[in-house]
Amino acid sequence: MEKLKMFLRRLFGGSVKKMFMHIGLIHKETGKNRVWLFFDMTYCIFRFKMGYSDYHCFGFAQVRGKDRLTFLTMNDNITLSHKLNSREAYNIFDDKAEFNKAFAELIGREWLDLRTASKEDFTRFCEGRRSLFAKPVNGFGGTDVARVEIPENADINALYERLVKNGQLIIEEEIVQHEKMKSLAPSSVNTLRIVTLYHGGELHLMYAMIRISNGENCVDNICSGGMYSPIETDGVIRKPAYCTATGEFYEPHPFTKTSFIGFEIPFYKESIELVRKASEKFPKMEYLGWDVAITPTGPILIEANNMPGFDIAQNYGHLDEKIGIKPRFEAILGKDFFK
């Protein structure tokens with residue numbers, strides 16, 4: 001039932017205008033006939049249970065035959081999460097307060113839960129601070145995350161009431177990110193998405209990406225206008241960044257002009273080790289996407305997702321061999337896992 005709901009959401013929840021925007025971009029990139037693209041895209045929506053943005057992202061106008069079956073789809077992603085992750089632990093990864101408590105020694109920041117904290121607690125938290133971040137408890141994709149300024153002589157009680165009314169109940173101190181990471185886009189903390197498979201007592205790094213804001217938003221999330229690029233095993237970016245909102249690649253960053261290609265992530269080895277420690281705390285949550293921020297002194301955890309995005313690691317423009325990542329999972333879990 002969940003797979004059907006997700007499919008229908010993909011099919012009918014999109015914008016016809018955006019669909020034809022993607023068709024136009026694909027036509028410009030490949031020279032393929034627009035009418036042919038429309039019918040092939042429609043076929044793939046039904047055959048592979050994918051959205052039009054996935055069709056563009058995966059390069060299906062150029063990927064043919066059996067190679068299309070190498071791409072991890074929305075339904076495959078649901079299968080991974082349901083088979084590998086214990087539902088008993090879902091709440092820890094869905095509720096940001098529960099996550100912060102479970103990984104207290106790895107998050108590297110102070111925070112409050114306004115569901116349990118008093119106005120006095122909030123007042124003390126604001127003392128000496130000029131800003132904070134406010135989030136919903138179960139937010140997704142950076143929606144309703146806000147950087148809140150605290151001017152001198154601010155009405156703290158009014159601020160408290162506004163945040164509670166808006167449902168922004170998780171309050172965190174602002175993260176100071178590494179200067180090198182800040183050079184990519186200073187308006188947000190530019191995070192790493194590290195997807196792991198903790199299977200058979202062994203941690204497998206499935207892929208790692210960097211997410212960067214568009215230079216204006218306070219979050220780097222892709223669905224909030226951000227962009228992304230893969231990180232290679234040595235911690236270096238060697239591909240341009242892709243923005244789903246525009247359907248285009250960027251090198252350098254359009255706002256800061258910082259080059260992506262050749263950019264070396266500081267504390268990358270330490271980030272992988274951080275994720276390893278975190279994975280070992282909940283071995284029954286085998287398939288997770290960890291969000292990591294890089295501070296001047298090292299990496300810290302932001303949050304983790306029990307159903308990581310599957311599309312960003314399969315962007316056709318980033319793929320050297322032009323096939324998807326499903327074989328990586330099958331090599332560990334077995335060929336019959338997705339049947």
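**Exercise 1. Helix H3**

Which residues are exposed on the other side of H3? Work out the helix's length and its buried face along the way.

*Solution.* A word on the model to start with: it is predicted, so local features need pLDDT of at least 70 and side-chain atom pairs count only at pLDDT 80 or more, while totals for chains, interfaces and linings use all residues. Residues are numbered from 1 along each chain as its sequence is written, and side-chain values use heavy atoms, with hydrogens and water left out.

Step 1: find the helix. Helices (H or I, at least four residues) and strands (E, at least two) are DSSP runs, numbered from the N terminus. H3 covers residues 34–48, which makes 15 residues.

Step 2: check its length. The expected span is 1.5 Å times one less than the number of residues. For H3 that gives 21 Å, and the end C-alpha atoms sit 20 Å apart, so the two agree.

Step 3: sort the residues. Buried means under 20% relative accessible area, exposed over 50%, and partly exposed in between (1.4 Å probe, protein chains only). Leu37, Asp40, Met41, Cys44, Ile45 and Phe48 come out as buried in H3. Looking down the axis of H3, you'd find these buried residues within an arc of 145 degrees (taken from the directions from the helix axis to the C-beta atoms), so they line one face of the helix. Here's the background: an α-helix has 3.6 residues a turn, so residues three or four places apart point the same way.

Step 4: turn to the other side of H3, where Val35 and Phe39 are exposed.

Step 5: look at the start of H3, where a side-chain oxygen of Asn33 comes to within 2.8 Å of the backbone nitrogen of Val35.

**Exercise 2. Unusual backbone spots**

Find residues other than glycine with a positive phi, and a cis peptide bond.

*Solution.* Step 1: know the background. Most residues other than glycine have a negative phi, and most peptide bonds are trans.

Step 2: go to Lys49, just after H3. Lys49 isn't a glycine, yet its phi is positive, about 55 degrees. It lies in the loop between H3 and helix H4 (52–57), and Lys49 is partly exposed at 28% relative accessible area.

Step 3: move on to Phe267, whose phi is also positive, near 55 degrees. You'll find Phe267 in the loop between S9 and H12, and at 27% relative accessibility Phe267 is partly exposed.

Step 4: pick out the cis bond. It joins Glu251 and Pro252, with omega about 5 degrees. Pro252 belongs to the loop between strand S9 (248–250) and H12.

**Exercise 3. The second largest pocket**

How many residues line the second largest pocket, and which lie nearest its centre?

*Solution.* Step 1: pin down the term. On a 1 Å grid over the protein atoms alone, a pocket is an open set of points where a 1.4 Å probe fits, with protein on both sides within 12 Å along at least five of seven lines; lining residues have an atom within 4 Å of a point.

Step 2: count the lining. There are 25 residues, and Tyr207, Pro230, His318, Leu319 and Arg328 lie nearest the centre.

Step 3: see who supplies them. Strand S6 (202–212) and helix H13 (326–333) each give at least two residues, and S6 gives the most, with five.

Technical notes
A polar contact is a pair of N or O atoms within 3.5 Å; within protein, one must be able to donate a hydrogen and the other to accept it, and residues adjacent in sequence count only if both atoms are side-chain atoms.
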